[in-house]
Number of protein chains: 2
Amino acid sequence: MGHKPRKEMIAETRAKLVAAARHAFGSVGYAEASMDDFTASAGLTRGALYHHFGDKKGLLQAVIAEIDAEMLARLKIVSARADTLWQGFVDECTAYIEMALEPEIQRIVLRDGPAVLGDPSQWPSQNECIRSMSENLQKLRDEGTIVAVDPEAAARLVSGASLHAAQWIANSENPEATSKKAVKAFNMLLEGLLRQGRRIGRPQATAEADKSPA
Amino acid sequence: MGHKPRKEMIAETRAKLVAAARHAFGSVGYAEASMDDFTASAGLTRGALYHHFGDKKGLLQAVIAEIDAEMLARLKIVSARADTLWQGFVDECTAYIEMALEPEIQRIVLRDGPAVLGDPSQWPSQNECIRSMSENLQKLRDEGTIVAVDPEAAARLVSGASLHAAQWIANSENPEATSKKAVKAFNMLLEGLLRQGRRIGRPQATAEADKSPA
DNA sequence: TAATTGACATACGCGCCGTATGTCATTATC
DNA sequence: GATAATGACATACGGCGCGTATGTCAATTA
């Protein structure tokens, strides 16, 4: 009777290891997390870990992949329910900042991840979030909402600003006030992307995208 | 004869340790840098290190403080020789990106630093760079060049975008082309800060800062 | 039923970190 | 100017955590 199939047991083991590592990495950090400790907390040993993930870095990769998949799913939901593309883009940026406020994401994805695995722009997972944002910007450019600018470049700048804003907010002594200031300034920056005609409350004109103050 | 005074010998020892650690951290990374190894390369032992810096993290703090002081000095030079405040600000941002392209800064300050010491916005040193940029933005606001926005918030967003742009550029397969795209998009974003009347090639008007598309 | 695979556990060694202790020169005290 | 005291280091010690090598036992395959 009830013995589960092999594949399922294995997947379960992997999931347990990822979950235990995710908790350990998120609470005490990657460097301080003892493999013996958190494998034991999953009812396993380091043997299982090395068998499935190769080494500690491999486990971190798996954990980050899981978190990043969740982030991507959440972003897609946010942008999908907006009325306009631009609204969806702005909402997505806001959601990005809010996610970056979560301690687990900050610690694992934003701090330990880059230190252990190298620059995030090279991760296959992280690129999915960027790619999602790039696609939105591409559409916005096609429909004429934003100026002629490289979508990926804009996406990376915007995500960079978002992430740092989140770090700043999360560590400030008054997150509420800081958040308001950050969002306001953030919207100012985003207006730099909008074509003049689309800027709310501002006069209409044709923009010459290539001329800039620098 | 020539025996140097005590204080000088001590300062020399500290400097040698910082230099050796800086080299080790910058080349193999913080985690992989063996204290026994790089203290030996400075002709010393871990005893000296623990005496002067408390622990490995203390040394990293000292290394980062040194690097950050150099960065701040370079930024001040750049912004000081510009004709206008705005030009100085833009030049400073560009210099910021260029510095973030240097492998040593990327590794020590941008990746290992945050992982080991926590969020950079809490570092006394990093705050000096931000503060420098904030002061410039404050002046720009006072003279009416940019819209009414919190200077520190804008400074953090801009530096965040700059840093991520630099990471992206440094790790791209074609840094030249990537850099061009990033700088162009970056200038677009910065235009969001400029008041309408100041935007080059664009019509003049008064701006209502509090209204944004979001 | 015998052979093989593979998912784990156990055992071992090494490197690295932090601390506790020791040594020797310099500085202060008289 | 002799002695005590401080402080800048080196040495010695213990432990922990990682990676690897090896073992075991169930599940598949033939």
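Analyst: Ala, Val, Leu, Ile, Met, Phe, Trp, Tyr, Cys and Pro count as nonpolar, Asp, Glu, Lys and Arg as charged, and the others, Gly among them, as polar. On that basis, the surface near DNA strand D (residues with a heavy atom within 4 Å of the strand) holds 6 nonpolar, 7 polar and 5 charged residues. This is a predicted model, in which local features need pLDDT of at least 70 and side-chain atom pairs pLDDT 80 or more, whereas totals for chains, interfaces and linings use all residues. Residues are numbered from 1 along each chain, chains are lettered from A and ligands numbered from 1 as written, and side-chain values use heavy atoms, without hydrogens and water.

User: Which of the 18 residues around DNA strand D come nearest?

Analyst: They are Arg46(A), Tyr50(A), Thr45(B), His51(B) and His52(B). Of the strand D atoms within 4 Å of the protein, 67% belong to sugar and phosphate.

User: What makes the approach of Arg46(A) to a base oxygen of DNA strand D a polar contact?

Analyst: A polar contact is a pair of N or O atoms within 3.5 Å. A polar side-chain atom of Arg46(A) lies 2.4 Å from a base oxygen of strand D, so the pair qualifies. Phosphate oxygens of strand D are approached by a polar side-chain atom of His51(B), at 2.3 Å, and by a polar backbone atom of Met35(A), at 3.0 Å.

User: Which helix gives the largest share of the surface near DNA strand D?

Analyst: H3(B) does, with 5 residues.

Conventions: Polar contact = N/O pair within 3.5 Å; in protein donor to acceptor, adjacent residues only side chain to side chain. Helix = DSSP H or I, 4+ residues; strand = E, 2+ residues; numbered from the N terminus.
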